[in-house]
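Visitor: Before we go through the model together, I would like to ask how each term is justified.
Guide: Please look at the sequence and structure first, and we can then take the terms in turn.

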Amino acid sequence: MAASGGSRRSESDVAGFTASPQLAQALQQIVVDLVELHLQGKQAHWNVVGHNFRDLHLQLDQIVDEARESADTIAERMRALAAVPDGRSETVAATTTLPAFPAGEANVSAVVDLITARLRATADTLRTLHDQVDSEDPSTADLLHAIIDSLEKHAWMVSAENRSA
């Protein structure tokens, strides 16, 4: 029961907000795709070769750091809502929606296209699940807004490497 007119609530009336199974599942999918983006970004970072290697190598580290931090933010939000995130490698591999990343070296142009696609796929996961999250927990949806903005900005900046005017 909410406080009204200055009435004190009893401790039993202050349970806190708990995520529904549907909200927990949506946030779990977001965590998984962010962890996978982090892993694929690092794979690309280690194996990119060719002209403009260094700039893309450094840019990939920024993407990796932001993906990792975003996954942590959402996983910690899940814990705050009494949900349990699962970032184990077998869970990530089995449930990510991101395309698989190729093994071995890849030239700068190919990595630009590969990472742009993964940034867009991750942003799409967040956009697809946003309204469901927002209907139950607008505070968590606010976190998604910042992550979507960052992912789409990175996608624009990375993709520009392969464009010409």
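Guide: A polar contact is a pair of N or O atoms within 3.5 Å, where, within protein, one must be able to donate a hydrogen and the other to accept it. Please keep in mind that this is a predicted model.

Visitor: What makes the pairing of the side chains of threonine 96 and aspartate 33 a polar contact?
Guide: The two side chains come to 2.9 Å, and because the cut-off is 3.5 Å, the pair is counted as a polar contact. Threonine 96 itself lies in the loop between α3 (89–95) and β2 (106–107), and, leaving aside neighbours within four places in sequence, its contacts are Gln29, Val32, Asp33 and Glu36.

Visitor: Why is threonine 96 called buried?
Guide: Its relative accessible area is 19%, and buried means under 20%, so threonine 96 is classed as buried.

Visitor: How do you know that the span of α4 is close to what is expected?
Guide: Helix α4, residues 108–136, has 29 residues and reaches 42 Å from its first C-alpha to its last, against the 42 Å expected at 1.5 Å a residue. There is nevertheless a kink of about 45° in α4, centred on histidine 130, while at the start of the helix a side-chain oxygen of asparagine 107 reaches to within 3.1 Å of the backbone nitrogen of serine 109.

Visitor: Which helices supply at least two residues each to the largest nonpolar core?
Guide: That core has 45 residues, with Ile115 among those that have the most contacts inside it; α1 (21–47), α2 (53–80), α4 and α5 (138–159) each supply at least two of its residues. Isoleucine 115 touches, among others, Leu60, Ile63, Phe101 and Val158, not counting residues up to four places away in sequence.

Note on methods. Residues are numbered from 1 along each chain as its sequence is written. This is a predicted model: local features need pLDDT of at least 70, side-chain atom pairs count only at pLDDT 80 or more; totals for chains, interfaces and linings use all residues. Side-chain values use heavy atoms; hydrogens and water are left out. Helices (H or I, at least four residues) and strands (E, at least two) are DSSP runs, numbered from the N terminus. The expected span of a helix is 1.5 Å times one less than its number of residues. The bend at a residue is the angle between axes fitted to the seven residues ending there and the seven starting there. Buried means under 20% relative accessible area, exposed over 50%, partly exposed in between (1.4 Å probe, protein chains only). Contact means heavy atoms within 4.5 Å. A nonpolar core is a set of buried Ala, Val, Leu, Ile, Met, Phe, Trp, Tyr and Cys residues joined through side-chain atoms within 4.5 Å.
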